[in-house]
Amino acid sequence: GGLHKRPRDLYDYLRLLPRSVVDDLYKGDAYSCQAVFRSFAPVTKQLYLRGLYVDRKIPVQIFHVWAKEAPGGSVVIGQAVAKSSCIESSIREMTSFGVATVEGKADKPVVVLNATFRAQLRECL
């Protein structure tokens with residue numbers, strides 16, 4: 001038999017699951033959504049919370065608008081401070097956990113937040 005890759009953490013575990021299984025996990029209860037949300041990087045948390053009550057696709061440009069530039073090439077989003085490249089990293093983190101997808105053309109991408117995850121997260125806030 002071949003060697004199977006064992007997940008190192010929650011991120012790896014969710015990334016290896018089929019999308020339908022991840023969606024079922026998020027439908028189960030708000031606690032699984034809360035656990036995933038808590039594992040996000042601080043900037044990802046801030047960006048997701050800002051989009052939580054936006055019931056439409058969010059242009060990636062809007063994520064950049066939400067980030068205020070700070071000295072030294074950093075950005076501030078809520079209480080989180082990070083490098084300006086963190087916005088793309090945060091979007092990748094969201095898609096890796098199955099809580100968002102990126103659609104649209106390369107020059108005008110939009111982020112679609114997972115409706116099930118959003119509803120469950122709203123419920124526990």
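# Tyr-48 and its surroundings

Reader: At 1% relative accessibility, does Tyr-48 count as buried or exposed?

Author: In this predicted model, the relative accessibility of Tyr-48 is 1%. Burial requires a value under 20%. Tyr-48 therefore counts as buried.

Reader: How many aromatic pairs does a search of the whole structure find, and what is the angle between the planes of Phe-40 and Tyr-48?

Author: The search of the whole structure yields seven aromatic pairs. Phe-40 and Tyr-48 form an aromatic pair, with 6.1 Å from centre to centre. The pair is tilted, and the angle between its planes is 55°.

Reader: Are Phe-40 and Tyr-48 buried or exposed, and what kind of pair do the rings of Tyr-48 and Phe-117 form?

Author: Both Phe-40 and Tyr-48 are buried. The ring centres of Tyr-48 and Phe-117 are 5.4 Å apart, and their planes stand at 90°. Planes over 60 degrees apart meet the criterion for this class, so the pair of Tyr-48 and Phe-117 is edge-to-face.

Reader: How many residues apart in sequence are the parts that the pair of Tyr-48 and Phe-117 ties together?

Author: Tyr-48 belongs to helix α4, residues 42-51, while Phe-117 belongs to helix α7, residues 115-124. Phe-117 counts as buried, at 0% relative accessibility. Because the two rings lie in these two helices, their pair ties together parts whose separation in sequence is 69 residues.

Reader: How is α4 oriented relative to α6?

Author: The axes of α4 and helix α6, residues 86-96, come within 9 Å and cross at roughly 75°. Angles from 65 to 115 degrees fall into one class, so α4 is, relative to α6, roughly perpendicular.

Reader: Which residues of α4 meet α6, and how many charged residues does this contact have?

Author: From α4, the residues Val-43, Thr-44, Leu-47 and Tyr-48 meet Cys-86, Ile-87, Ser-90, Glu-93 and Met-94 of α6. By class, the contact has six nonpolar residues and two polar ones, and its charged residues number one.

Reader: Which helix gives the most to the largest nonpolar core?

Author: This core has 28 residues, and Tyr-26, Tyr-48, Phe-63, Val-99 and Phe-117 have the most contacts inside it. At least two of its residues come from each of α2, α3, α4, α5, α6, β6 and α7. With four residues, the helix that gives the most is α6.

Reader: Which residues form one aromatic cluster with Tyr-48?

Author: Leaving aside neighbours within four places in sequence, Val-99 is in contact with several residues, including Tyr-26, Phe-40, Tyr-48 and Phe-117. Tyr-48 forms one aromatic cluster with Tyr-26, Phe-37, Phe-40, Phe-97 and Phe-117.

Key: Residues numbered from 1 in each chain as written. Predicted model: local features only at pLDDT ≥ 70, side-chain atom pairs only at ≥ 80, totals over all residues. Heavy atoms only, no water. Phe/Tyr/Trp six-rings, centres within 6.5 Å; stacked < 30°, edge-to-face > 60°. Buried < 20%, exposed > 50% of the residue type's maximum accessible area, 1.4 Å probe, protein only. Axes fitted to C-alpha atoms, helices over the stretch in contact; angles between N-to-C directions. Parallel < 35°, antiparallel > 145°, perpendicular 65-115°, else oblique. Contact = heavy atoms within 4.5 Å. Nonpolar A, V, L, I, M, F, W, Y, C, P; charged D, E, K, R; others polar. Core = buried A, V, L, I, M, F, W, Y, C linked by side-chain atoms within 4.5 Å.
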